[in-house]
Amino acid sequence: MVRVPEQLQTATMQAERLLAGGDPRAAKGLVEPVVRTAPGYSRAHTVLARALVQLGDTENALARFKAAAETAGGHPAPWQEFVMALIRAGQKGRARNVLKKAPLKGPDRKKLLDLARTGIPDTSPSLGGASEEDCRRIQEMIQSGRADDAEATAAELLKRHPQSAFLCNALGVIALYRGNPAIAETHFRDTLERSPGFSGAAGNLGLALTMQGKAGDAVRILRQAVADNPKSAETRTNLANALLRAGLLEDAVKEASTVLDRDRNDPEALGIASSALMKLSRFDEAATLLERLDALPDSGADVKWQLLKCLASSNRIDEALAYARQNLDASPLMVHRYGTLLAELGHIDEAREAQVEAIRRDPQNSHAYMAYGAIRKWTADDPVLGQLENLVRQEDFHDDKGAAHYALAKARMDMGADDDVFGLLYKANAFHAASTDERFEPAENDRIIGELIATWSADQIGSLKSAGVATTAPIFVIGMPRSGSTLVERIIASHSRVVGIGEDSLVSPLFPIEIPADRTRISDAAREGAERLRNAAPGGLRVADKYLNNFWRVGALAAAFPRAIFVDTVRDPRSIALSIYSNAMKVDGHPYSTDLAHIAHYYLGCVRLMKHWKDILGDRFVSVTYENLVSDPEPCIRDLIARLGLPWEDACLRPEKLGDRVRTLSVGQVRSRIGTGSKERWKRYEDDLEPFTQVLRDAGAI
């Protein structure tokens with residue numbers, strides 16, 4: 001096997017991601033130099049071949065599939081893909097000739113020879129010797145929920161008929177039914193090995209990959225499955241779901257809409273399309289779909305919550321509140337969510353009452369305790385404290401154990417009972433970490449940062465300036481969570497010439513973190529992004545976007561929007577660490593947040609990248625020190641507003657008066673006047689923070 005330099009392997013993987021994202025032209029441009037540099041690298045030939053197929057260049061694609069097979073060192077998969085490509089191209093005779101020379105074992109060679117003679121089957125599955133009666137019996141067991149019986153029967157029959165694609169697929173379906181997508185993936189791959197044209201197996205494989213978070217692989221497989229069977233609503237829905245998971249939101253809306261063109265009330269397609277539209281901040285369109293979904297039988301409380309959020313995000317506040325009140329009896333959860341919306345809108349007293357009512361209806365709703373504690377300071381005589389303490393002591397309850405522990409830790413902090421705070425937080429974060437398969441890898445984090453620094457220099461950004469859009473001047477608030485960024489964003493949004501959109505980033509979906517410095521891609525993303533910004537802030541107003549993870553995208557955003565300014569809130573790292581560790585972050589987006597050492601590694605990476613952006617952007621990069629801001633607000637705020645190029649307005653000194661929604665963990669704090677209450681709270685827990693502090697000390701950062 002040829003040894004390939006790491007940078008060529010990385011370029012090939014990036015090309016695969018571009019291909020999965022529906023950009024074969026960019027993938028081709030990225031992987032062609034790899035093929036020239038390393039002609040013996042089979043994987044690069046395969047990626048280039050797949051890109052050429054999507055671009056309609058069949059003959060060159062076949063040549064690359066051939067090269068991939070010949071350089072694969074006897075591995076059967078590239079030969080199988082080459083032969084399948086020949087068959088799809090109608091070149092069965094050539095496929096048979098290739099198979100005579102291919103280094104394949106008997107069963108693999110026979111299977112492909114059969115396909116070359118008969119073509120890829122379109123409909124009837126390969127029973128592989130199993131009787132139709134037995135197969136129908138297994139289907140009936142699955143449909144009636146008898147998974148154990150179906151699995152036992154299928155497994156026993158597969159011993160007798162090991163080439164049965166139907167039985168492999170049935171075992172995969174059962175694994176999905178049981179919530180075991182990794183096992184399902186193995187069965188579906190076995191299905192396709194036995195019968196590459198097995199109806200629905202590719203779609204099932206794509207669904208299993210999506211459920212495991214392998215959205216890029218799922219998209220690639222499902223795009224081909226849809227091309228092979230464009231009338232399958234199920235396969236297209238699976239593709240839409242994979243696209244949503246991969247962040248390819250416009251494509252997700254398109255595929256789901258195709259399903260809805262055939263069945264306007266397909267519940268899964270309505271859910272996928274509305275979710276993608278919400279992420280695109282197209283809330284009115286999402287609300288229209290959710291209203292249809294809500295009208296269906298058994299739509300559930302989650303649909304009502306999504307619709308409620310859409311109505312509120314569309315600034316249809318009165319309509320949102322009226323809808324919530326009408327549905328308070330739908331479930332106890334709706335009362336909690338109504339209280340959450342009231343808090344976001346600044347109706348704090350009503351929000352507290354709603355959360356107390358939610359707890360009364362369901363004392364095990366741990367998120368209601370968290371929401372209650374977020375908007376008030378706990379006291380020893382608090383009426384719901386005893387219920388929360390009882391809940392934490394219970395061995396088993398139906399709601400989120402981590403949330404209950406976070407809530408009680410917050411109560412102990414508020415009351416100054418610090419001895420058991422970190423014991424509670426350790427358990428809270430352990431429960432939280434166990435809720436996801438996503439893991440933080442410091443080395444991978446460092447690798448991405450290194451690539452971004454190498455890609456985005458001042459000269460590179462300057463060379464792309466003409467590809468950007470200079471008619472809009474967005475303000476991007478970026479950086480570490482819990483650094484005071486919500487306060488900074490609200491100070492900026494208090495200005496009459498600025499529209500704050502909070503964390504509903506309009507442009508981040510257009511700029512993948514590892515987007516190459518490609519003029520065409522930057523230009524296309526800039527035009528679409530500028531249109532979204534103009535729609536959000538008509539009349540020449542500026543947008544303040546507080547999607548903190550845009551700190552990964554600064555290079556591309558700076559090139560796309562030459563007048564954009566980036567604001568980073570700097571805060572004592574120990575305050576940041578304490579706040580992250582003591583709050584229930586969205587662990588799927590912040591997998592580092594449940595471990596103090598990982599928080600330290602993430603923080604150091606963020607600081608490293610921020611220094612790079614500051615060095616290359618000059619006046620376009622603004623740092624605000626949180627401790628200075630809360631200790632002496634006016635001079636700090638005046639300097640910030642001036643550096644943003646805005647005229648002074650006294651309203652910026654009173655961000656607590658801003659009447660819009662707050663949808664962050666700071667929902668309680670930002671409704672109060674600027675103060676120093678949490679400035680050095682970390683000192684109470686200095687010993688407990690030692691795992692974080694030690695990493696910074698070792699790095700010379702503290």
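## A look inside the predicted model

Let's start with Asn445, which sits in helix α26, spanning residues 442-455. This is a predicted model, and in it Asn445 is buried, with a relative accessible area of 8%. Setting aside residues up to four places away in sequence, Asn445 touches Phe440, Trp552, His601 and Tyr602.

Next, the nonpolar cores. The largest one has 164 residues, and the members touching the most others are Phe422, Trp456, Phe511, Ile522, Phe561 and Phe566. Helix α32 (residues 596-617) gives this core its largest share, 10 residues. Another core, of 22 residues, lies apart from it, with Val567, Val624, Tyr626 and Ile641 among its members.

Trp456 deserves a closer look. Not counting neighbours within four places in sequence, Trp456 is in contact with Ile461, Leu464, Ile515, Pro516, Ala517, Ile522, Gly555, Ala556, Ala559, His612, Trp613 and Ile616.

Now for the cysteines. How many disulfides does the model have? The count comes to 0. Two cysteines show what's going on:

| Cysteine | Closest cysteine sulfur | Sulfur distance | Relative accessible area |
|---|---|---|---|
| Cys168 | Cys135 | 11 Å | 2% |
| Cys652 | Cys636 | 13 Å | 0% |

A disulfide here needs two cysteine sulfur atoms within 2.5 Å. Cys168 doesn't make the cut because its closest partner sulfur, in Cys135, is 11 Å away, too far for a bond. Cys652 misses out too, because the sulfur of Cys636 is 13 Å off. As for surroundings, Cys168 is buried, and Cys652 also counts as buried.

Key:
Residues are numbered from 1 along each chain as its sequence is written. This is a predicted model: local features need pLDDT of at least 70, side-chain atom pairs count only at pLDDT 80 or more; totals for chains, interfaces and linings use all residues. Side-chain values use heavy atoms; hydrogens and water are left out. Buried means under 20% relative accessible area, exposed over 50%, partly exposed in between (1.4 Å probe, protein chains only). Helices (H or I, at least four residues) and strands (E, at least two) are DSSP runs, numbered from the N terminus. Contact means heavy atoms within 4.5 Å. A nonpolar core is a set of buried Ala, Val, Leu, Ile, Met, Phe, Trp, Tyr and Cys residues joined through side-chain atoms within 4.5 Å.
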